[in-house]
Amino acid sequence: MKRYLCSIIIGMVVILSIGTYYVNVASSASSLPEYTFKKLEGSDKELNPVIINASLENNAFFESLMIESNGTTYESERSYLENLTGRQDHRIERLVKEHRSFMRGKDSISSLYEDDDFLAYASVNSEYTKSGNMEAKFDIGLLEKKDEEETSFQIELPNQGRIMNADVRDVQLVHSKLQVLTMNDVNSNNEKQTKEVHLYTIDVANKKVLSDKTLVSESLTYPDQVDFEMPIDLAPSQPNNMVFISLIKGVNHEDGFEEKLKESKLLSYNYETEKLETVKKGSLSLDMARSGYADGKNLYAVEMKSGKYRIKTFDLSSQTLTNDTELDIAANKEEQYTAGFKNGRVYFLLNGMNQVGKTNKPAKLLIADIKTGKTLYKGETVINKKNSKSFELYIDDLEIK
């Protein structure tokens with residue numbers, strides 16, 4: 001009887017503790033500002049896929065939040081298990097729900113590939129030994145969706161003795177072979193800085209690396225510097241034939257980094273043809289091209305012109321400018337913007353931040369038809385709490401479900 005009584009007491013303590021936790025959470029969340037959208041024009045239905053990730057700060061206070069069409073959700077309002085995994089990309093959340101076993105421990109969208117039949121994964125697992133050398137292995141996974149059959153294994157990176165760091169940037173499945181694109185920092189054993197873009201072809205069935213192809217290699221001596229960037233990938237886990245790489249060369253001065261525009265360029269690689277080419281940007285500036293958004297078919301670049309924002313659509317196969325759309329939103333050099341593109345729409349968020357990142361104006365959201373520029377929705381964030389002035393809102397990014 002004493003044993004049962006002890007168990008009952010423990011159970012009651014647990015229940016009371018959980019209850020107290022959620023009461024405190026509810027009380028805490030109820031005292032925080034509630035951010036919602038105020039419609040200025042268009043249809044509220046256009047807001048349904050929009051997620052704004054942000055954080056709220058006040059001296060030592062910090063909390064993450066999400067602003068959606070139906071209101072604000074603070075991190076403290078999420079369940080214990082949700083907070084344990086942290087904030088996840090909505091695309092990762094969907095894959096976890098659909099393929100929980102395979103997705104265990106996989107949280108990088110750029111390391112994933114998905115089509116109707118397969119879900120694949122590739123990442124680099126590395127560590128330094130006591131001797132200072134790096135040991136690096138690929139973590140490879142493949143899921144056949146039809147029968148939920150999983151294949152997973154580790155395999156050593158070729159020539160890993162010269163690699164200081166390898167970052168997976170794209171994964172594709174081409175002709176039943178896994179293509180893994182990485183950006184590598186290379187040990188040159190001298191004063192030179194060497195960076196390379198590699199493409200590894202992996203035979204999943206036989207668990208071996210078939211080839212290690214160096215697409216780009218640049219070695220420079222300080223103060224000269226080289227770096228690689230990629231346009232924001234709008235569909236990082238979907239099948240794409242092409243990938244884009246910005247090669248940036250410059251010189252480090254006391255006043256900062258000065259880019260060598262004549263030596264910097266935008267490159268494209270086609271997985272099917274295995275061709276690496278310099279993109280003829282036409283009317284796109286290099287800065288616009290590399291800070292753009294790519295979906296495998298088009299590159300969308302943002303231009304500020306005559307007090308307005310314009311979206312230029314660049315067809316990647318023909319390398320021609322196919323559309324130039326003006327958005328009905330005033331340009332402001334002092335404010336930061338972020339954009340999303342999906343289902344023929346551009347989602348443009350002018351986040352009201354100044355140069356130090358603090359929000360001093362309401363965030364403005366415009367949703368427009370990418371071809372015509374027709375406004376489908378225009379609105380701004382509003383706050384319904386009196387104590388909101390004591391907080392600073394920092395907007396992190398924009399997601400489109």
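**Reading ring contacts**

Ring pairs join Tyr293, Tyr300 and Phe341 into a cluster.

Trainee: Before I read anything into that, what kind of model is this?

Mentor: It's a predicted model, so keep that in mind as we go.

Trainee: Fair enough. How many aromatic pairs are there?

Mentor: The general idea is to look at how far apart two ring centres lie, with 6.5 Å as the cut-off. Here the count comes to seven aromatic pairs. One of them is Phe138 with Tyr200, at 5.1 Å centre to centre and 75° between the planes.

Trainee: Is that one stacked or edge-to-face?

Mentor: Planes over 60 degrees apart count as edge-to-face, and the Phe138–Tyr200 pair is edge-to-face. Phe138 belongs to strand 7 (residues 134-144) and Tyr200 to strand 11 (residues 192-203), so this contact ties together parts 62 residues apart in sequence.

Trainee: And are those two buried or exposed?

Mentor: Phe138 is buried, with a relative accessible area of 0%. Tyr200 is buried too, also with a relative accessible area of 0%.

Trainee: Back to the cluster, then. How do Tyr300 and Phe341 pair up?

Mentor: They're stacked: 4.5 Å centre to centre, with 10° between the planes. That pair links distant parts of the chain, with Tyr300 in strand 20 (residues 298-305) and Phe341 in strand 23 (residues 337-342), 41 residues apart. Both Tyr300 and Phe341 are buried.

Trainee: What about charges: which ring does the charged end of Lys106 sit over?

Mentor: For a lysine, you check where NZ lies relative to the ring centre and the ring normal. The charged end of Lys106 sits over the ring of Phe102, 4.6 Å from its centre, and over the ring of Tyr121, 5.2 Å from its centre.

Notes: Residues numbered from 1 in each chain as written. Predicted model: local features only at pLDDT ≥ 70, side-chain atom pairs only at ≥ 80, totals over all residues. Heavy atoms only, no water. Phe/Tyr/Trp six-rings, centres within 6.5 Å; stacked < 30°, edge-to-face > 60°. Helix = DSSP H or I, 4+ residues; strand = E, 2+ residues; numbered from the N terminus. Buried < 20%, exposed > 50% of the residue type's maximum accessible area, 1.4 Å probe, protein only. Lys NZ or Arg CZ within 6 Å of the ring centre and 35° of its normal.
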